[in-house]
Amino acid sequence: TRQSNTVDTDAQTLEARLTSTADEPLEWVIGVFGMRSDTFADSTLFTTPNPNVGATRIDNPVHKANSYAVFGQTTWTPYDPLHLTLGLRYTYDQKEGNSLVQFGTAPPSYSPGPTPNNLLEESWDDFSGKVGIAYDLTDSNMIFANYSRGYQSGGLGYGTNFVFDAETNSAYEIGSKNRFFDERLQINVEGFFYDYRDKVTPVFVNVATPPAFIPNLTTTNAGKLEYKGGSVE
């Protein structure tokens, strides 16, 4: 495998937040987020064991991405040991890309294959959020449980799969945070379970007619992924 690329990215982000004052029964934060990104790349990827057998060229792809979001989160303490948290976020993503993809033999005897010019524009939007509960057993010991839903926008690929969908993750967490001996010792315990849907992953696919084999690296949605475990700190 041999690869060469040049990537130039220009991006701007802006986030503004308004928060409540501290030490109130109802604490909250609201905000807005915006991001714009322009990427230019000149890339060549050779992926066969014999560099003279097959190659993939990606010439001058231009990738533009815009992302906008509004969000808010509040924590309510109805009475001193109990804390309830609710958070919501709405996100809108828009991406467009232009690339010239070629499949053929590698240098020094490069022979280009078909050269489709891909002009693509896609958008995604999503509501995500969080629900949490925490309870103070003492001033130095607390237990908590959270559910949150995460979102990652889809995108534009330059392999054989030119568009992939958004990825989501439902996360479940439960644990305890503790301090002992006048706060000289801290022990945190946590268990978690992550449930991914439409997991985004890179894969190799064959772009030649069997039995010939020209592997091409592309990005696709692999499906479901479960990730679980625990930690002691």
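Reader: Helices are DSSP runs of H or I with at least four residues and strands are runs of E with at least two, numbered from the N terminus; how many of each are there in this protein?

Author: The protein has 13 strands and zero helices, and from the N terminus on its elements run β-β-β-β-β-β-β-β-β-β-β-β-β. Please keep in mind that this is a predicted model, in which local features need pLDDT of at least 70 and side-chain atom pairs count only at pLDDT 80 or more, while totals for chains, interfaces and linings use all residues. Residues are numbered from 1 along each chain as its sequence is written, and side-chain values use heavy atoms, leaving out hydrogens and water.

Reader: And what percentage of the residues count as buried?

Author: Of the 233 residues, 33% count as buried, where buried means under 20% relative accessible area, exposed means over 50% and partly exposed lies in between, with a 1.4 Å probe and protein chains only. The protein exposes about 14100 Å², and carbon and sulfur atoms supply 56% of that area, as calculated by the Shrake-Rupley method with a 1.4 Å probe.

Reader: Which residues form the negative surface patch?

Author: The negative patch is formed by Asp8, Asp10, Asp38, Glu96, Glu121, Glu122, Asp165 and Asp198, and the elements that give two or more residues to it are β1 (2-19) and β5 (117-138). Patch residues have over 30% relative accessible area and no salt bridge, with like charges joined within 9 Å and nonpolar side chains within 5 Å; a salt bridge is a side-chain nitrogen of Lys or Arg within 4 Å of a carboxyl oxygen of Asp or Glu.

Reader: Where does Asp38 lie?

Author: Asp38 lies in strand β2, residues 26-46, and Asp38 is partly exposed, with a relative accessible area of 35%.

Reader: Changing topic, which residues make the nonpolar patch?

Author: Phe180, Phe181, Leu185, Ile187, Val189 and Val232 make a nonpolar surface patch of about 540 Å², and strand β10 (residues 185-197) supplies the largest share, three residues. Leu185 lies in β10 and is partly exposed at 34% relative accessibility.

Reader: What is phi for Glu183?

Author: Glu183 has a positive phi of about 65° although it is not a glycine, whereas most residues other than glycine have a negative phi. Glu183 sits in the loop between β9 (167-180) and β10, and Glu183 is exposed, with a relative accessible area of 51%.

Reader: And Asp198 from the negative patch, what is its phi?

Author: Asp198 has a positive phi near 55°; Asp198 is found in the loop between β10 and β11 (200-206) and is partly exposed, at a relative accessible area of 38%.

Key: Lys, Arg positive; Asp, Glu negative; His and termini not counted. Charge placed at Lys NZ, Arg CZ, Asp CG, Glu CD.
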